[in-house]
Amino acid sequence: MTVRVAMIFKSGQHAPATVVIPNGQDHDDQFGVHPALIERIEVQNPKPGAKTQRWNRQHRREAQQLFRHQHQALALGHAAGRHHRQIHKNPRQVKKTGEPAGDENDVEGFDPEHAVECSAGSAQKQAKKCPAWHMASRAAKAFLCCHARLPLREESGAQHLSAAARNNSKVAPQPSDCGILRTVISNIWHNLRMTPFAPFPLGRPRRLRRDSFTRNLVRENALTPHDLIYPVFVTDGQQRREPVGSMPGVERLSLDLLLPVAEECVKLGIPVMALFPVIDPALKTLDGREALNPDGLIPKVVRELKQRFPELGVMTDVALDPYTSHGQDGLLDGQGYILNDETVTVLVQQALTQAEAGVDIVAPSDMMDGRIGAIRTALESRKLIHTRIMAYSAKYASAFYGPFRDAVGSASNLGKADKTVYQMDPGNTDEALREVALDIAEGADMVMVKPGMPYLDVVRRVKDEFKIPTFAYQVSGEYAMLKAAALNGWLDHDAVMMESLLAFKRAGADGVLTYFAIDAARKLRQG
(Lines give C-alpha, C1' and ligand atoms only; values in the text may rest on other atoms or scores of the structure.)
Protein backbone atom coordinates (compact mmCIF):
# COMPACT_ATOMS: atom_id res chain seq x y z
CA MET A 1 0.00 0.00 0.00
CA THR A 2 1.21 3.51 -0.71
CA VAL A 3 0.17 6.86 0.69
CA ARG A 4 -0.05 10.05 -1.32
CA VAL A 5 1.31 13.00 0.61
CA ALA A 6 1.20 16.70 -0.22
CA MET A 7 3.57 19.00 1.65
CA ILE A 8 3.12 22.68 2.39
CA PHE A 9 6.23 24.73 3.14
CA LYS A 10 6.68 27.71 5.43
CA SER A 11 6.76 29.93 2.38
CA GLY A 12 3.17 28.92 1.71
CA GLN A 13 4.05 27.13 -1.50
CA HIS A 14 2.89 23.63 -2.18
CA ALA A 15 5.28 20.85 -3.11
CA PRO A 16 5.69 20.80 -6.90
CA ALA A 17 4.00 17.41 -7.15
CA THR A 18 2.11 14.90 -5.08
CA VAL A 19 4.53 12.22 -3.98
CA VAL A 20 3.87 8.50 -3.58
CA ILE A 21 5.77 6.93 -0.71
CA PRO A 22 6.83 3.31 -1.35
CA ASN A 23 6.62 0.81 1.47
CA GLY A 24 9.18 1.44 4.20
CA GLN A 25 10.42 4.76 2.80
CA ASP A 26 11.05 7.65 5.21
CA HIS A 27 9.26 10.76 4.06
CA ASP A 28 12.22 13.14 4.17
CA ASP A 29 14.47 10.66 2.33
CA GLN A 30 11.89 10.25 -0.43
CA PHE A 31 11.07 13.94 -0.85
CA GLY A 32 14.55 15.32 -0.52
CA VAL A 33 12.95 18.01 1.68
CA HIS A 34 14.33 18.65 5.13
CA PRO A 35 11.77 18.32 7.95
CA ALA A 36 12.61 21.79 9.22
CA LEU A 37 11.03 23.22 6.05
CA ILE A 38 7.73 21.43 6.55
CA GLU A 39 4.77 23.40 7.86
CA ARG A 40 2.38 20.47 7.93
CA ILE A 41 1.71 17.14 6.31
CA GLU A 42 -1.55 16.51 4.50
CA VAL A 43 -2.38 12.88 3.89
CA GLN A 44 -5.04 11.25 1.81
CA ASN A 45 -5.56 7.51 1.64
CA PRO A 46 -5.91 6.29 -1.94
CA LYS A 47 -9.20 4.75 -2.91
CA PRO A 48 -8.94 1.00 -2.34
CA GLY A 49 -9.04 -1.19 -5.41
CA ALA A 50 -11.52 -3.96 -6.10
CA LYS A 51 -9.29 -6.61 -4.54
CA THR A 52 -8.90 -4.60 -1.32
CA GLN A 53 -12.63 -3.90 -1.14
CA ARG A 54 -13.36 -7.60 -1.54
CA TRP A 55 -10.92 -8.43 1.26
CA ASN A 56 -12.55 -5.81 3.49
CA ARG A 57 -15.94 -7.39 2.98
CA GLN A 58 -14.65 -10.87 3.73
CA HIS A 59 -12.68 -9.79 6.77
CA ARG A 60 -14.87 -7.06 8.15
CA ARG A 61 -13.62 -7.18 11.73
CA GLU A 62 -9.93 -7.14 10.77
CA ALA A 63 -10.59 -4.32 8.30
CA GLN A 64 -12.32 -2.24 10.95
CA GLN A 65 -9.44 -2.77 13.35
CA LEU A 66 -6.89 -1.79 10.71
CA PHE A 67 -8.99 1.26 9.86
CA ARG A 68 -8.93 2.36 13.53
CA HIS A 69 -5.15 1.91 13.65
CA GLN A 70 -4.72 3.99 10.51
CA HIS A 71 -6.88 6.81 11.83
CA GLN A 72 -4.95 6.89 15.09
CA ALA A 73 -1.74 7.00 13.11
CA LEU A 74 -3.24 9.76 10.96
CA ALA A 75 -4.03 11.82 14.07
CA LEU A 76 -0.55 11.29 15.44
CA GLY A 77 0.99 12.24 12.12
CA HIS A 78 -0.98 15.49 12.00
CA ALA A 79 0.09 16.24 15.57
CA ALA A 80 3.68 15.75 14.47
CA GLY A 81 3.24 18.03 11.49
CA ARG A 82 1.83 20.85 13.63
CA HIS A 83 4.78 20.74 16.00
CA HIS A 84 7.52 20.39 13.40
CA ARG A 85 8.54 24.04 13.43
CA GLN A 86 8.88 24.12 17.21
CA ILE A 87 10.98 20.99 17.14
CA HIS A 88 13.44 22.44 14.66
CA LYS A 89 13.60 26.05 15.84
CA ASN A 90 16.86 27.75 15.09
CA PRO A 91 18.57 29.89 17.79
CA ARG A 92 17.13 33.14 16.38
CA GLN A 93 13.56 31.83 16.66
CA VAL A 94 14.20 30.60 20.20
CA LYS A 95 15.52 34.01 21.25
CA LYS A 96 12.62 35.84 19.59
CA THR A 97 9.81 33.72 21.01
CA GLY A 98 11.35 32.91 24.36
CA GLU A 99 10.15 29.33 24.01
CA PRO A 100 12.45 26.33 24.40
CA ALA A 101 13.64 24.54 21.28
CA GLY A 102 13.08 21.15 22.87
CA ASP A 103 15.41 18.62 24.43
CA GLU A 104 16.24 15.18 23.10
CA ASN A 105 15.63 13.86 26.63
CA ASP A 106 11.98 14.80 26.20
CA VAL A 107 11.63 11.57 24.25
CA GLU A 108 11.74 9.70 27.54
CA GLY A 109 8.40 11.15 28.58
CA PHE A 110 6.56 10.54 25.33
CA ASP A 111 3.02 9.22 25.64
CA PRO A 112 1.41 8.29 22.29
CA GLU A 113 -2.09 8.25 23.77
CA HIS A 114 -1.58 11.80 25.02
CA ALA A 115 -0.29 12.83 21.60
CA VAL A 116 -3.35 11.33 19.93
CA GLU A 117 -5.66 13.16 22.35
CA CYS A 118 -3.72 16.36 21.76
CA SER A 119 -4.20 16.04 18.02
CA ALA A 120 -7.85 17.04 18.24
CA GLY A 121 -8.35 20.52 16.78
CA SER A 122 -9.76 22.07 19.97
CA ALA A 123 -6.87 20.69 22.01
CA GLN A 124 -4.09 22.29 20.02
CA LYS A 125 -3.03 24.52 22.91
CA GLN A 126 -2.88 21.54 25.19
CA ALA A 127 -0.74 19.75 22.61
CA LYS A 128 1.95 22.41 22.89
CA LYS A 129 2.40 21.41 26.52
CA CYS A 130 3.37 17.89 25.50
CA PRO A 131 7.05 17.50 26.51
CA ALA A 132 7.87 15.24 23.55
CA TRP A 133 8.54 17.86 20.92
CA HIS A 134 11.38 15.85 19.45
CA MET A 135 9.17 12.82 19.44
CA ALA A 136 6.66 14.57 17.20
CA SER A 137 8.94 14.42 14.17
CA ARG A 138 9.48 10.76 14.79
CA ALA A 139 5.74 10.28 15.10
CA ALA A 140 5.31 11.61 11.57
CA LYS A 141 7.60 8.89 10.31
CA ALA A 142 5.83 6.35 12.49
CA PHE A 143 2.58 7.36 10.83
CA LEU A 144 4.04 6.83 7.37
CA CYS A 145 5.55 3.50 8.37
CA CYS A 146 2.21 2.39 9.80
CA HIS A 147 0.42 3.21 6.55
CA ALA A 148 3.13 1.43 4.58
CA ARG A 149 2.09 -1.75 6.40
CA LEU A 150 5.48 -2.40 7.97
CA PRO A 151 5.52 -5.46 10.25
CA LEU A 152 4.70 -4.73 13.89
CA ARG A 153 6.67 -6.49 16.59
CA GLU A 154 4.99 -6.25 19.98
CA GLU A 155 7.81 -7.94 21.89
CA SER A 156 10.66 -5.81 20.56
CA GLY A 157 8.52 -2.72 20.92
CA ALA A 158 7.96 -3.41 24.59
CA GLN A 159 11.69 -3.95 25.09
CA HIS A 160 12.59 -0.65 23.40
CA LEU A 161 10.23 1.51 25.46
CA SER A 162 12.22 3.78 27.71
CA ALA A 163 12.17 3.38 31.47
CA ALA A 164 10.27 6.62 31.85
CA ALA A 165 7.68 5.54 29.34
CA ARG A 166 7.26 2.19 31.07
CA ASN A 167 6.68 3.96 34.37
CA ASN A 168 4.07 6.26 32.85
CA SER A 169 0.64 5.04 33.89
CA LYS A 170 -0.79 6.06 30.53
CA VAL A 171 1.51 3.66 28.65
CA ALA A 172 0.00 0.22 29.05
CA PRO A 173 2.32 -2.69 28.23
CA GLN A 174 -0.39 -4.94 26.83
CA PRO A 175 -1.29 -4.72 23.11
CA SER A 176 -4.10 -2.34 22.25
CA ASP A 177 -5.00 0.03 19.44
CA CYS A 178 -2.70 2.71 20.85
CA GLY A 179 -0.31 0.02 22.06
CA ILE A 180 0.24 -1.11 18.49
CA LEU A 181 0.91 2.47 17.51
CA ARG A 182 3.39 2.79 20.36
CA THR A 183 5.09 -0.35 19.09
CA VAL A 184 5.56 1.15 15.64
CA ILE A 185 7.16 4.23 17.16
CA SER A 186 9.34 2.40 19.67
CA ASN A 187 10.59 0.04 16.95
CA ILE A 188 11.92 2.93 14.89
CA TRP A 189 12.68 5.82 17.23
CA HIS A 190 16.27 4.73 17.95
CA ASN A 191 17.00 4.64 14.20
CA LEU A 192 15.61 8.03 13.20
CA ARG A 193 17.67 11.13 12.69
CA MET A 194 17.34 13.86 15.28
CA THR A 195 19.77 16.55 14.09
CA PRO A 196 18.36 19.18 11.70
CA PHE A 197 21.15 19.88 9.22
CA ALA A 198 21.60 23.44 8.09
CA PRO A 199 20.86 24.08 4.39
CA PHE A 200 23.48 25.56 2.09
CA PRO A 201 25.16 28.03 2.49
CA LEU A 202 24.84 27.83 6.31
CA GLY A 203 25.91 24.23 6.07
CA ARG A 204 29.02 23.44 4.03
CA PRO A 205 30.04 19.76 4.41
CA ARG A 206 33.38 20.44 2.71
CA ARG A 207 34.53 22.36 5.79
CA LEU A 208 35.07 19.00 7.51
CA ARG A 209 37.19 17.76 4.60
CA ARG A 210 39.47 20.82 4.34
CA ASP A 211 42.61 19.43 5.98
CA SER A 212 44.07 16.19 7.28
CA PHE A 213 43.59 16.82 11.01
CA THR A 214 39.89 17.57 10.53
CA ARG A 215 39.35 14.48 8.40
CA ASN A 216 41.11 12.39 11.05
CA LEU A 217 39.04 14.02 13.77
CA VAL A 218 35.64 13.22 12.25
CA ARG A 219 36.41 9.88 10.58
CA GLU A 220 33.64 7.40 11.35
CA ASN A 221 35.56 4.16 10.72
CA ALA A 222 39.24 3.31 10.99
CA LEU A 223 41.40 0.29 10.30
CA THR A 224 44.06 -0.97 12.74
CA PRO A 225 46.34 -4.04 12.75
CA HIS A 226 44.09 -5.51 15.46
CA ASP A 227 41.34 -5.84 12.84
CA LEU A 228 43.39 -8.26 10.73
CA ILE A 229 43.72 -12.04 10.60
CA TYR A 230 46.51 -13.41 8.42
CA PRO A 231 45.78 -16.63 6.50
CA VAL A 232 48.87 -18.71 5.71
CA PHE A 233 49.50 -21.95 3.81
CA VAL A 234 51.75 -24.42 5.61
CA THR A 235 53.39 -27.53 4.18
CA ASP A 236 55.57 -30.38 5.50
CA GLY A 237 59.33 -30.42 5.20
CA GLN A 238 62.20 -28.02 5.82
CA GLN A 239 63.21 -24.84 3.97
CA ARG A 240 60.25 -25.17 1.59
CA ARG A 241 58.99 -21.99 -0.02
CA GLU A 242 56.58 -22.48 -2.93
CA PRO A 243 55.00 -19.42 -4.57
CA VAL A 244 51.29 -19.68 -5.39
CA GLY A 245 51.09 -18.70 -9.04
CA SER A 246 47.53 -17.37 -8.93
CA MET A 247 48.19 -15.31 -5.77
CA PRO A 248 51.18 -13.00 -6.30
CA GLY A 249 53.13 -12.51 -3.07
CA VAL A 250 51.61 -15.57 -1.32
CA GLU A 251 53.72 -18.66 -0.63
CA ARG A 252 53.35 -22.15 0.81
CA LEU A 253 55.82 -22.32 3.70
CA SER A 254 57.28 -25.08 5.81
CA LEU A 255 57.14 -24.60 9.57
CA ASP A 256 60.73 -23.35 9.93
CA LEU A 257 60.03 -20.56 7.42
CA LEU A 258 56.63 -19.81 8.93
CA LEU A 259 58.09 -18.95 12.33
CA PRO A 260 59.66 -15.62 11.18
CA VAL A 261 56.30 -14.68 9.64
CA ALA A 262 54.59 -15.36 12.96
CA GLU A 263 57.20 -13.22 14.71
CA GLU A 264 56.50 -10.34 12.35
CA CYS A 265 52.75 -10.68 13.00
CA VAL A 266 53.44 -10.25 16.71
CA LYS A 267 55.63 -7.20 16.13
CA LEU A 268 53.07 -5.58 13.81
CA GLY A 269 50.16 -6.18 16.20
CA ILE A 270 48.29 -8.69 14.01
CA PRO A 271 46.41 -10.70 16.63
CA VAL A 272 45.65 -13.98 14.82
CA MET A 273 47.22 -16.24 12.21
CA ALA A 274 44.92 -18.67 10.38
CA LEU A 275 46.47 -21.97 9.25
CA PHE A 276 45.55 -23.82 6.05
CA PRO A 277 47.35 -27.11 5.32
CA VAL A 278 48.90 -28.27 2.07
CA ILE A 279 48.65 -32.05 2.42
CA ASP A 280 50.82 -34.58 0.63
CA PRO A 281 48.63 -36.16 -2.10
CA ALA A 282 49.71 -39.60 -0.84
CA LEU A 283 47.90 -38.91 2.45
CA LYS A 284 44.59 -37.92 0.86
CA THR A 285 41.77 -40.46 1.13
CA LEU A 286 38.05 -40.69 0.45
CA ASP A 287 37.27 -40.17 4.16
CA GLY A 288 40.03 -37.61 4.88
CA ARG A 289 41.27 -39.56 7.89
CA GLU A 290 44.57 -37.63 7.97
CA ALA A 291 42.59 -34.70 9.42
CA LEU A 292 42.28 -36.69 12.68
CA ASN A 293 46.00 -37.44 13.06
CA PRO A 294 47.20 -35.87 16.36
CA ASP A 295 50.75 -35.89 14.98
CA GLY A 296 49.71 -34.50 11.61
CA LEU A 297 50.80 -31.26 9.98
CA ILE A 298 48.32 -28.85 11.61
CA PRO A 299 48.58 -30.13 15.22
CA LYS A 300 52.38 -30.05 14.92
CA VAL A 301 52.39 -26.46 13.64
CA VAL A 302 49.90 -25.34 16.30
CA ARG A 303 52.01 -26.74 19.14
CA GLU A 304 55.17 -25.08 17.84
CA LEU A 305 53.53 -21.69 17.28
CA LYS A 306 51.92 -21.62 20.72
CA GLN A 307 55.21 -22.61 22.35
CA ARG A 308 57.21 -19.92 20.52
CA PHE A 309 54.58 -17.15 20.43
CA PRO A 310 51.98 -17.69 23.15
CA GLU A 311 50.67 -14.15 22.64
CA LEU A 312 49.78 -14.86 19.00
CA GLY A 313 46.29 -16.23 18.42
CA VAL A 314 46.15 -19.31 16.22
CA MET A 315 43.07 -20.30 14.21
CA THR A 316 42.58 -23.55 12.32
CA ASP A 317 40.24 -24.59 9.55
CA VAL A 318 37.78 -27.39 10.36
CA ALA A 319 36.98 -28.94 6.98
CA LEU A 320 37.94 -32.06 5.08
CA ASP A 321 38.61 -30.72 1.57
CA PRO A 322 42.43 -30.47 1.99
CA TYR A 323 42.45 -34.11 3.13
CA THR A 324 39.99 -35.82 0.74
CA SER A 325 40.92 -37.36 -2.55
CA HIS A 326 37.77 -35.92 -4.14
CA GLY A 327 38.25 -32.33 -2.88
CA GLN A 328 34.85 -32.07 -1.20
CA ASP A 329 34.33 -30.88 2.38
CA GLY A 330 32.60 -34.06 3.50
CA LEU A 331 32.01 -37.76 3.03
CA LEU A 332 30.27 -39.03 -0.09
CA ASP A 333 27.53 -41.59 -0.54
CA GLY A 334 27.35 -44.01 -3.47
CA GLN A 335 25.89 -41.35 -5.77
CA GLY A 336 28.49 -38.72 -4.88
CA TYR A 337 26.18 -36.70 -2.58
CA ILE A 338 27.73 -35.10 0.51
CA LEU A 339 26.54 -36.89 3.67
CA ASN A 340 25.73 -34.42 6.44
CA ASP A 341 25.56 -36.29 9.75
CA GLU A 342 28.39 -38.69 8.97
CA THR A 343 30.58 -35.72 7.98
CA VAL A 344 29.74 -33.89 11.21
CA THR A 345 30.99 -36.88 13.22
CA VAL A 346 34.38 -36.62 11.50
CA LEU A 347 34.49 -32.82 11.86
CA VAL A 348 33.95 -33.12 15.60
CA GLN A 349 36.99 -35.39 15.87
CA GLN A 350 39.03 -33.00 13.70
CA ALA A 351 38.10 -30.03 15.91
CA LEU A 352 39.00 -31.97 19.07
CA THR A 353 42.36 -32.93 17.58
CA GLN A 354 43.15 -29.28 16.87
CA ALA A 355 41.87 -28.04 20.24
CA GLU A 356 43.89 -30.61 22.17
CA ALA A 357 46.98 -29.44 20.27
CA GLY A 358 46.38 -25.98 21.78
CA VAL A 359 44.68 -23.99 19.05
CA ASP A 360 42.83 -20.86 20.22
CA ILE A 361 40.07 -20.73 17.60
CA VAL A 362 38.54 -23.52 15.54
CA ALA A 363 36.78 -22.31 12.41
CA PRO A 364 34.38 -24.81 10.80
CA SER A 365 34.16 -23.86 7.12
CA ASP A 366 32.34 -26.95 5.85
CA MET A 367 28.73 -25.66 5.98
CA MET A 368 27.29 -28.93 7.28
CA ASP A 369 24.07 -28.58 9.26
CA GLY A 370 24.43 -28.91 13.04
CA ARG A 371 28.22 -29.04 13.16
CA ILE A 372 28.61 -26.03 15.47
CA GLY A 373 26.41 -27.56 18.18
CA ALA A 374 28.15 -30.92 17.88
CA ILE A 375 31.62 -29.36 18.11
CA ARG A 376 30.67 -27.14 21.04
CA THR A 377 29.18 -30.09 22.94
CA ALA A 378 32.31 -32.17 22.33
CA LEU A 379 34.61 -29.35 23.46
CA GLU A 380 32.62 -28.91 26.66
CA SER A 381 32.69 -32.63 27.37
CA ARG A 382 36.51 -32.60 27.11
CA LYS A 383 36.73 -29.51 29.38
CA LEU A 384 38.09 -27.46 26.45
CA ILE A 385 35.90 -24.59 27.53
CA HIS A 386 38.24 -21.82 26.36
CA THR A 387 38.42 -22.94 22.73
CA ARG A 388 36.59 -20.37 20.66
CA ILE A 389 34.50 -21.15 17.60
CA MET A 390 34.49 -18.80 14.63
CA ALA A 391 31.78 -20.23 12.40
CA TYR A 392 31.84 -19.82 8.65
CA SER A 393 28.12 -19.17 9.00
CA ALA A 394 27.38 -17.55 5.65
CA LYS A 395 29.75 -19.23 3.21
CA TYR A 396 28.59 -18.89 -0.36
CA ALA A 397 29.18 -21.24 -3.28
CA SER A 398 31.39 -18.64 -4.92
CA ALA A 399 33.62 -18.55 -7.99
CA PHE A 400 36.11 -16.40 -6.04
CA TYR A 401 37.74 -19.39 -4.30
CA GLY A 402 39.77 -20.62 -7.29
CA PRO A 403 43.26 -19.39 -6.25
CA PHE A 404 42.78 -20.80 -2.73
CA ARG A 405 42.07 -24.26 -4.12
CA ASP A 406 45.26 -23.95 -6.16
CA ALA A 407 47.17 -23.05 -3.00
CA VAL A 408 46.00 -26.03 -0.90
CA GLY A 409 46.08 -28.42 -3.84
CA SER A 410 42.39 -29.33 -3.90
CA ALA A 411 41.54 -27.83 -7.29
CA SER A 412 42.70 -30.88 -9.23
CA ASN A 413 40.90 -33.21 -6.81
CA LEU A 414 37.62 -31.31 -7.13
CA GLY A 415 37.80 -31.17 -10.93
CA LYS A 416 34.59 -29.91 -12.51
CA ALA A 417 32.47 -30.70 -9.45
CA ASP A 418 31.07 -27.88 -7.29
CA LYS A 419 29.86 -27.37 -3.72
CA THR A 420 26.40 -25.95 -4.36
CA VAL A 421 24.63 -28.69 -2.39
CA TYR A 422 26.03 -27.42 0.92
CA GLN A 423 27.40 -23.91 0.39
CA MET A 424 24.92 -21.05 0.03
CA ASP A 425 23.27 -19.67 -3.08
CA PRO A 426 24.84 -16.27 -3.95
CA GLY A 427 21.36 -14.84 -4.50
CA ASN A 428 20.23 -15.28 -0.89
CA THR A 429 20.58 -12.99 2.11
CA ASP A 430 17.64 -14.01 4.33
CA GLU A 431 19.08 -17.51 4.30
CA ALA A 432 22.36 -16.10 5.62
CA LEU A 433 20.54 -14.68 8.63
CA ARG A 434 18.98 -18.07 9.32
CA GLU A 435 22.37 -19.78 9.10
CA VAL A 436 23.94 -17.23 11.43
CA ALA A 437 21.08 -17.53 13.91
CA LEU A 438 21.46 -21.32 13.99
CA ASP A 439 25.23 -21.13 14.58
CA ILE A 440 24.83 -18.60 17.40
CA ALA A 441 22.19 -20.77 19.05
CA GLU A 442 24.52 -23.78 18.77
CA GLY A 443 27.41 -22.03 20.55
CA ALA A 444 29.44 -20.03 18.02
CA ASP A 445 31.44 -17.20 19.61
CA MET A 446 32.04 -15.38 16.32
CA VAL A 447 30.58 -15.63 12.84
CA MET A 448 31.99 -15.07 9.38
CA VAL A 449 30.75 -14.08 5.94
CA LYS A 450 32.68 -15.47 2.97
CA PRO A 451 33.53 -14.12 0.37
CA GLY A 452 33.97 -10.54 1.49
CA MET A 453 33.60 -7.55 -0.81
CA PRO A 454 30.90 -9.02 -3.09
CA TYR A 455 28.88 -9.75 0.08
CA LEU A 456 29.25 -6.58 2.16
CA ASP A 457 25.46 -6.28 2.20
CA VAL A 458 25.34 -9.60 4.04
CA VAL A 459 27.98 -8.41 6.52
CA ARG A 460 25.87 -5.35 7.31
CA ARG A 461 22.65 -7.36 7.69
CA VAL A 462 24.34 -9.87 10.00
CA LYS A 463 25.90 -7.17 12.19
CA ASP A 464 22.70 -5.14 12.42
CA GLU A 465 20.57 -8.17 13.20
CA PHE A 466 22.71 -10.02 15.76
CA LYS A 467 25.28 -7.56 17.19
CA ILE A 468 27.75 -10.44 17.53
CA PRO A 469 31.45 -10.33 16.59
CA THR A 470 31.28 -10.56 12.80
CA PHE A 471 34.17 -11.23 10.44
CA ALA A 472 34.59 -11.28 6.69
CA TYR A 473 37.06 -13.17 4.53
CA GLN A 474 38.67 -11.21 1.71
CA VAL A 475 39.13 -14.39 -0.27
CA SER A 476 41.82 -15.44 -2.69
CA GLY A 477 39.94 -14.29 -5.80
CA GLU A 478 39.46 -10.80 -4.40
CA TYR A 479 43.14 -10.62 -3.47
CA ALA A 480 44.24 -11.94 -6.87
CA MET A 481 42.15 -9.37 -8.77
CA LEU A 482 43.59 -6.41 -6.87
CA LYS A 483 47.13 -7.78 -7.12
CA ALA A 484 46.86 -8.40 -10.85
CA ALA A 485 45.47 -4.93 -11.52
CA ALA A 486 48.23 -3.34 -9.42
CA LEU A 487 50.97 -5.38 -11.12
CA ASN A 488 49.70 -4.17 -14.49
CA GLY A 489 49.77 -0.57 -13.32
CA TRP A 490 46.00 -0.22 -13.55
CA LEU A 491 45.48 0.47 -9.83
CA ASP A 492 47.52 1.93 -6.98
CA HIS A 493 48.36 -1.17 -4.92
CA ASP A 494 48.52 0.37 -1.44
CA ALA A 495 45.58 2.69 -2.02
CA VAL A 496 43.15 -0.01 -3.17
CA MET A 497 44.43 -2.41 -0.51
CA MET A 498 43.68 0.00 2.32
CA GLU A 499 40.40 1.19 0.79
CA SER A 500 39.13 -2.35 0.35
CA LEU A 501 39.94 -3.26 3.96
CA LEU A 502 38.32 -0.10 5.28
CA ALA A 503 35.17 -1.04 3.35
CA PHE A 504 34.82 -4.14 5.52
CA LYS A 505 34.94 -2.03 8.67
CA ARG A 506 32.43 0.42 7.25
CA ALA A 507 30.08 -2.45 6.45
CA GLY A 508 30.17 -3.56 10.09
CA ALA A 509 32.88 -6.23 10.19
CA ASP A 510 34.84 -6.47 13.43
CA GLY A 511 37.78 -8.00 11.60
CA VAL A 512 38.98 -9.24 8.22
CA LEU A 513 40.81 -12.37 7.13
CA THR A 514 43.06 -11.07 4.38
CA TYR A 515 46.24 -12.04 2.56
CA PHE A 516 47.06 -8.31 2.65
CA ALA A 517 47.41 -8.41 6.46
CA ILE A 518 51.20 -8.09 6.63
CA ASP A 519 51.35 -5.38 3.95
CA ALA A 520 48.44 -3.46 5.48
CA ALA A 521 49.91 -3.60 8.99
CA ARG A 522 53.22 -2.28 7.68
CA LYS A 523 51.42 0.54 5.92
CA LEU A 524 49.47 1.41 9.07
CA ARG A 525 52.69 1.50 11.10
CA GLN A 526 54.20 3.94 8.62
CA GLY A 527 51.20 6.23 9.16
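This briefing covers the overall make-up of the protein, the surroundings of S246 and a nonpolar surface patch that includes V218. The model is predicted, and within it the protein has 22 helices and 15 strands. Of its 527 residues, 49% count as buried.

**Overall make-up**
- Among the contacts in the protein with a separation of 6 or more, 76% are accounted for by residues that lie 24 or more positions apart.
- The protein exposes about 26,300 Å², and carbon and sulfur atoms supply 52% of that area.

**S246 and its surroundings**
- S246 is found in the loop that runs between strand 5 (241–243) and strand 6 (251–254).
- The relative accessibility of S246 is 25%, and S246 therefore counts as partly exposed, given that this class lies between the cut-offs of 20% and 50%.
- When its neighbours within four places in sequence are left aside, S246 is in contact with P403, D406 and A480.
- With one of these residues, D406, S246 shares a polar contact of 3.3 Å that joins the two side chains.
- Although S246 and P403 are 157 residues apart in sequence, their C-alpha atoms are 5.4 Å apart in space.

**The nonpolar patch**
- L208, L217 and V218 form a nonpolar patch on the surface, and together these residues have about 300 Å² of accessible area.
- V218, one of the residues of this patch, has its place in helix 11, which spans residues 212–218.
- V218 counts as partly exposed because its relative accessibility is 38%.

Definitions and conventions: Residues are numbered from 1 along each chain as its sequence is written. This is a predicted model: local features need pLDDT of at least 70, side-chain atom pairs count only at pLDDT 80 or more; totals for chains, interfaces and linings use all residues. Side-chain values use heavy atoms; hydrogens and water are left out. Helices (H or I, at least four residues) and strands (E, at least two) are DSSP runs, numbered from the N terminus. Buried means under 20% relative accessible area, exposed over 50%, partly exposed in between (1.4 Å probe, protein chains only). Contact means heavy atoms within 4.5 Å. A polar contact is a pair of N or O atoms within 3.5 Å; within protein, one must be able to donate a hydrogen and the other to accept it, and residues adjacent in sequence count only if both atoms are side-chain atoms. Patches are made of residues with over 30% relative accessible area and no salt bridge: like charges are joined within 9 Å, nonpolar side chains (Val, Leu, Ile, Met, Phe, Trp, Tyr) within 5 Å. Accessible areas come from the Shrake-Rupley method with a 1.4 Å probe; for residues, only the protein chains shown count as cover. A salt bridge is a side-chain nitrogen of Lys or Arg within 4 Å of a carboxyl oxygen of Asp or Glu.
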